[in-house]
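Me: I would like to work through this protein step by step, with each answer reasoned out before the value or name is given. Could you take the questions in turn once the sequence and structure are on display?

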Amino acid sequence: MRKTIDRNKVIISQNMWLENIQQEIDKTNGKFFSAVFEKSDGTIRKMLCRTGVHKGLSGGGLKYNARERGNVIVWDVQKSGHRTIPLRRLIDIQVNKVKYINSTLPF
């Protein structure tokens, strides 16, 4: 279920979160977006990133399928390197001036 709380914010229910967010990230086609997520150590990270960057790749590729595990691989602008965002721990993303918020968060 998608619930629009104003024209620039959309709340997505947890059962639809992974599918909808993956589609929104795929639609960026390499454009910049921001993401806020919880890292594995419990800290919150805000990142300006984009997909589709091939700089710095060694040609070996990943040893696993990131999409099957619910991850997305992005280029982190501040760190100048590839990073993995776990979609299950994603708090919100902002794509094309629209903020998508995970509905499991307390407001």
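The questions below move from the overall fold to the strands, the hairpins and the core.

Me: In what order do the elements of the protein run from the N terminus on?

Reply: This is a predicted model, and its features should be read as such. The secondary structure of the protein comes to one helix and eight strands. From the N terminus on, these elements run β-β-α-β-β-β-β-β-β.

Me: What percentage of the residues of the protein count as buried?

Reply: The protein exposes about 7000 Å², of which carbon and sulfur atoms supply 49%. Among contacts with a separation of 6 or more, 52% are between residues 24 or more positions apart. Of the 107 residues, the part that counts as buried is 39%.

Me: Which residue of S8 is the bridge partner of Ile12?

Reply: Strand S2 covers residues 9–12 and runs parallel to S8, to which it is joined by four bridges. S8 itself spans residues 98–102 and is mostly covered, with four of its five residues buried. Within this pairing, the bridge partner of Ile12 in S8 is Asn102.

Me: Is Asn96 buried or exposed?

Reply: S7 (residues 90–95) pairs with S8 in the antiparallel sense over four bridges, and one of the partnerships between these strands joins Val95 to Val98. Asn96 lies in the loop between S7 and S8, a hairpin with two residues between the strands. Its phi is near 50 degrees, a positive value in a residue other than glycine. With a relative accessible area of 56%, which is over the 50% cut-off, Asn96 is exposed.

Me: Why is S5 described as largely enclosed by the rest of the structure?

Reply: S5 (residues 71–76) pairs with S4 in the antiparallel sense over two bridges, and Arg50 has Trp75 as its bridge partner in S5. S5 also pairs with S6 in the antiparallel sense, over six bridges. The strand is described as largely enclosed because, of its six residues, the number buried is five.

Me: Which residue takes a positive phi in the hairpin of S5 and S6?

Reply: In the pairing of these strands, Asp76 has Gly81 as its bridge partner in S6. The hairpin has four residues between the strands, and the residue in question lies in the loop between S5 and S6 (81–86). Although not a glycine, it has a phi of about 50 degrees. The residue is Ser80.

Me: Over the face of which residue does Arg50 lie?

Reply: Aromatic pairs do not help here, as the structure holds zero of them. Arg50, whose bridge partner in S5 is Trp75, lies at 5.3 Å from the centre of a ring. That ring belongs to Phe32.

Me: Which residues does Ile21 touch, not counting residues up to four places away in sequence?

Reply: The largest nonpolar core has 19 residues, and those with the most contacts inside it are Ile21, Ile85, Leu90, Ile93 and Tyr100. Two or more residues of this core come from each of S2, helix H1 (14–26), S3 (33–38), S4 (44–50), S5, S7 and S8. Not counting residues up to four places away in sequence, Ile21 touches Ile12, Leu87, Leu90, Ile93 and Tyr100.

Note on methods: Residues are numbered from 1 along each chain as its sequence is written. This is a predicted model: local features need pLDDT of at least 70, side-chain atom pairs count only at pLDDT 80 or more; totals for chains, interfaces and linings use all residues. Side-chain values use heavy atoms; hydrogens and water are left out. Buried means under 20% relative accessible area, exposed over 50%, partly exposed in between (1.4 Å probe, protein chains only). Two strands pair if DSSP finds at least two bridges between them. Rings of Phe, Tyr and Trp (its six-membered ring) pair if their centres lie within 6.5 Å; planes under 30 degrees apart count as stacked, over 60 as edge-to-face and the rest as tilted. A charge sits over a ring if NZ of Lys or CZ of Arg is within 6 Å of the ring centre and within 35 degrees of the ring normal. Contact means heavy atoms within 4.5 Å. Accessible areas come from the Shrake-Rupley method with a 1.4 Å probe; for residues, only the protein chains shown count as cover. A nonpolar core is a set of buried Ala, Val, Leu, Ile, Met, Phe, Trp, Tyr and Cys residues joined through side-chain atoms within 4.5 Å.
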